[in-house]
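Hi everyone, thanks for making time this morning. I'd like to walk you through a protein and DNA model, so please have a look at the screen.

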Number of protein chains: 2
Amino acid sequence: MQIASRFTIAVHIVACIDYFQKSTSVTSAFLAGSVGVNRVVIRTLMTKLKEAGIIAISRGKTGVRLGRRSEEISLYDVYKAVESVDESGLFNWHSSPNPLCPVGKNVRRALGETLVKAQLSMEKELKSATIADLTAELHKVAD
Amino acid sequence: MQIASRFTIAVHIVACIDYFQKSTSVTSAFLAGSVGVNRVVIRTLMTKLKEAGIIAISRGKTGVRLGRRSEEISLYDVYKAVESVDESGLFNWHSSPNPLCPVGKNVRRALGETLVKAQLSMEKELKSATIADLTAELHKVAD
DNA sequence: TGTCTTGTAATAATGATTATTACACGTTAT
DNA sequence: ATAACGTGTAATAATCATTATTACAAGACA
């Protein structure tokens with residue numbers, strides 16, 4: 001299983017806003033065109049990104065803008081905004097281990113910490129990369 | 001999205017074998033009882049674990065055994081055996097970004113390396129933990 | 001040979017993700 | 001104020017991966 005594409009879509013959205021907001025009015029239709037998905041998918045993600053303070057939305061012709069400087073938006077911020085990270089964790093547990101078996105009763109506790117560490121390690125990498133980095137790279141490639 | 005529970009199930013299986021193989025004949029029915037899933041699910045995973053050399057299976061009453069010492073089986077070995085890790089990576093990409101948009105055309109390339117690094121960082125943690133560690137912890141808790 | 005167990009195909013059930021339509025409502029410009 | 005444009009969101013369907021389950025063939029061992 002994988003981390004849903006809505007994460008890369010969300011990153012794409014934010015990067016697009018950073019890339020284009022000075023030159024164009026960025027709308028959900030515009031973003032849908034760049035990402036290649038339905039407008040409603042874009043809007044749903046936009047709402048989540050707005051709730052996280054990553055972007056600012058206003059209705060009408062204004063277009064979407066970043067909620068703060070792209071240097072201050074990490075990939076983890078985006079990840080957290082659109083994925084349900086906290087609730088269940090990256091690793092999915094089988095739901096009914098046998099409490100009468102010493103292994104079944106304790107695996108989760110005995111293994112849990114290690115898996116949390118693995119998850120945090122991945123998230124740390126996402127925290128160290130910003131949208132500004134990505135946009136810079138995009139500008140570089142486009143030259 | 002999460003990493004499928006078949007990973008924790010597989011770890012549970014291997015830990016069970018390590019924990020019980022000296023005292024009992026460990027079978028798919030036994031394991032299904034401890035894990036709390038259908039026998040066929042266990043068998044399917046057993047087959048994959050066997051292909052990875054993690055366990056050794058024989059039909060009849062013998063029961064399942066480890067393919068090598070539990071100190072030499074990392075969580076990553078198990079992870080790799082039952083998840084399709086290499087093919088597509090941990091992060092799922094949206095499939096049709098617009099090649100006519102400078103962002104759509106290049107996000108994947110510009111972001112790819114960072115995501116791979118995040119994935120590898122997680123896997124590194126899984127590599128540093130062994131089934132032996134887990135079984136030791138299980139014995140400790142059971143005392 | 002009989003009993004136990006694995007191997008595996010076939011199928012269904014479940015659940016999450018993603019796509020799409022439809023329409024109410026906010027915002028801006030004229 | 002009203003038309004034009006854009007977001008917010010409910011409702012529904014399509015798709016896909018995961019997980020469950022039945023059924024039976026075939027290997028291993030006493």
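Before I start on the DNA, one definition: when I say helix, I mean a DSSP run of H or I with at least four residues, numbered from the N terminus. And please keep in mind that this is a predicted model.

Let's begin with DNA strand C. Which helix gives the most to the surface near DNA strand C? That is H3(B), with 4 residues. By class, this surface has 7 nonpolar, 9 polar and 6 charged residues. There are 22 residues around DNA strand C, and those that come nearest are A:Ser5, A:Arg6, A:Arg59, B:Ser28 and B:Arg59. Of the strand C atoms within 4 Å of the protein, 68% are sugar and phosphate.

Now for the arginines on this strand. A:Arg6 has a polar side-chain atom 2.5 Å from a phosphate oxygen of DNA strand C. A:Arg59 places a polar side-chain atom 2.5 Å from a sugar or linking oxygen of strand C, and for B:Arg59 the distance to a sugar or linking oxygen of that strand is 2.6 Å. H3 of chain A and H3 of chain B are the elements that give two or more residues to this surface.

Over to DNA strand D. Here 21 residues are around the strand, with A:Ser28, A:Arg59, B:Ser5, B:Arg6 and B:Arg59 coming nearest. What is the largest share of the surface near DNA strand D, and where does it come from? It is 4 residues, from H3(A). The classes here are 7 nonpolar, 8 polar and 6 charged. Sugar or phosphate makes up 66% of the strand D atoms within 4 Å of the protein, and the rest belong to bases.

The arginines again: a polar side-chain atom of B:Arg6 is 2.4 Å from a phosphate oxygen of DNA strand D. For B:Arg59, a side-chain N or O atom is 2.5 Å from a sugar or linking oxygen of strand D, and a polar side-chain atom of A:Arg59 is 2.6 Å from a sugar or linking oxygen of that strand.

Finally, a step back to chain A. It has 7 helices and 2 strands, in the order α-α-α-β-β-α-α-α-α. Its radius of gyration is 19 Å, well over the 15 Å that the globule rule gives for 143 residues, so chain A is more spread out than a compact globule. Its C-alpha atoms fill a box of roughly 65 × 30 × 25 Å along the principal axes. Of the 143 residues, 49% count as buried.

That's my tour, and I'm happy to take questions.

Note on methods:
Residues numbered from 1 in each chain as written. Chains lettered and ligands numbered in written order. Predicted model: local features only at pLDDT ≥ 70, side-chain atom pairs only at ≥ 80, totals over all residues. Heavy atoms only, no water. Near = heavy atom within 4 Å. Polar contact = N/O pair within 3.5 Å; in protein donor to acceptor, adjacent residues only side chain to side chain. Nonpolar A, V, L, I, M, F, W, Y, C, P; charged D, E, K, R; others polar. Rg over C-alpha atoms; globule rule 2.2 N^0.38 Å. Buried < 20%, exposed > 50% of the residue type's maximum accessible area, 1.4 Å probe, protein only.
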